[in-house]
Amino acid sequence: MPKRVKADDDVGNQQSIIKLSDRSVQAPKSFIRMEKNLSSIGFFSATEKNEKRSTQARVINADGRKTTILPSPNHGLPNTSDQDKFFALLHLVEQIRWRQGSVSNPISFSTMEIVKIMGLAWSGRLTEEITKWLQRMVVTSIMSEGAIYLVKKKRHISDTFHAFTRVITAGETLDNGAVADRHLVWMSEWLLDNVNQGYVLPIEMESYKRLGSSLARVLVPHLQAWLYSSRERRRFEKRYKPFCEICGLTPQKYLSKAKGNIQLAMEELRRENYIANWDIVHTQDGQDFKIVLEHGRKFYDDLASIGSK
């Protein structure tokens, strides 16, 4: 029977593993840093609890750059639930970065750490979901046609990417024959480099976790980019069809139906002060609708909290 080892024990040729037990240094407030590409390409789509996870490829055209998200037929597309878990992992990553200055592979964590950060009670179902999430992050392909920006190369790249390159879940056998008692994640080199180089969006976690709507949670990282780009005008507009594309929504033909489909999410975001007001109206050319957002107090408060210039 293989020997069970802790994640900080020697694991042969594997890199040293970062443990999270040292709480001597704490990061300020509850901000995580979301890598910008995964937000801008719409990697995570809005899927409500009772909606079946899609196994169809998603094509996103943003700023003239095309991305195709290719799911595994056995795992489906990454959705809001996966984003929640990824944010929890980024919370742990931020603690590492705050203590050590940078993050390296592999990253070690337990199921209970993810569950606690998400603010949920432990269950066997959650344990299974976390395992499937880790697998999904490895097998989902990102086909970039000039959409992925690499900080080290200082340019956009056309290639096929993955978020994670390898995962060992707790209970699996390590390369040296021992058994891991924690999950191990190897982020892809491009993703880890961008995180360490600061190509990120700040996300405040406590407000995020209060959002109940899948669409509202998927929109949070997009809002960080959209509202920042329009911070002087204090008003942001986006055409409805590209909005649906990046969020994984089915566009509606009629304005009343389109408004009804996003109303719950927008009202949640307004109550949490992400936005001060919102509307959806016809575009001037009559070819589409457009989403109109007014900046909320939280956006400016968060800028002040992180000391943004």
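Contact means heavy atoms within 4.5 Å. Helices (H or I, at least four residues) and strands (E, at least two) are DSSP runs, numbered from the N terminus. The model is predicted: local features need pLDDT of at least 70, side-chain atom pairs count only at pLDDT 80 or more, and totals for chains, interfaces and linings use all residues. Residues are numbered from 1 along each chain as its sequence is written, and side-chain values use heavy atoms, with hydrogens and water left out.

**Exercise 1. Two helices**

Task: Find which residues of helix 2 meet which residues of helix 3, and describe how the two helices cross.

Solution.
Step 1. Two packed helices are described by the angle between their axes and the distance between the axes.
Step 2. Axes are lines fitted to C-alpha atoms, for helices over the stretch in contact, and angles run from 0 to 180 degrees between N-to-C directions. For helix 2 (residues 80-100) and helix 3 (residues 111-118), the axes come within 9 Å and the crossing angle is roughly 105°.
Step 3. Angles under 35 degrees count as roughly parallel, over 145 as roughly antiparallel, 65 to 115 as roughly perpendicular and the rest as oblique. Helix 2 and helix 3 are therefore roughly perpendicular to each other.
Step 4. On the side of helix 2, the residues are Asp-84, Lys-85, Ala-88, Leu-89, His-91 and Leu-92; they meet Glu-113, Ile-114, Ile-117 and Met-118 of helix 3.
Step 5. The residues of this contact between helix 2 and helix 3 comprise six nonpolar, one polar and three charged. Here Ala, Val, Leu, Ile, Met, Phe, Trp, Tyr, Cys and Pro count as nonpolar, Asp, Glu, Lys and Arg as charged, and the others, Gly among them, as polar.

**Exercise 2. A sheet of four strands**

Task: Give the strand order of the open sheet of four strands and name its edge strands.

Solution.
Step 1. Two strands pair if DSSP finds at least two bridges between them.
Step 2. The order is 3-4-6-7, with antiparallel pairing.
Step 3. Strand 3 (58-62) and strand 7 (155-161) pair on one side only, which makes them the edge strands. From one strand to the next, the twist averages 25°.
Step 4. Strand 3 and strand 4 (residues 65-70) run antiparallel and are joined by five bridges. Ile-60 stands opposite Thr-67 in strand 4.
Step 5. Helix 5 (residues 189-196) lies across strand 6 and strand 7, at about 35° to strand 6.

**Exercise 3. One residue in strand 6**

Task: Is Glu-145 buried, exposed or partly exposed, and which residues is Glu-145 in contact with beyond its neighbours within four places in sequence?

Solution.
Step 1. Glu-145 belongs to strand 6 (residues 141-150).
Step 2. Buried means under 20% relative accessible area, exposed over 50%, partly exposed in between (1.4 Å probe, protein chains only). Glu-145 has 48% relative accessibility, so Glu-145 counts as partly exposed.
Step 3. Leaving those neighbours aside, Glu-145 is in contact with Arg-65, Lys-66 and Ser-158.
Step 4. Between Glu-145 and Ile-157, twelve residues apart in sequence, the C-alpha to C-alpha distance is 7.0 Å.

**Exercise 4. Helix 8**

Task: Which residues of helix 8 are buried, and what phi does Gly-248 take?

Solution.
Step 1. In helix 8 (residues 240-247), the buried residues are Tyr-240, Phe-243, Cys-244, Ile-246 and Cys-247.
Step 2. Gly-248, just after helix 8, has a positive phi of about 80°.
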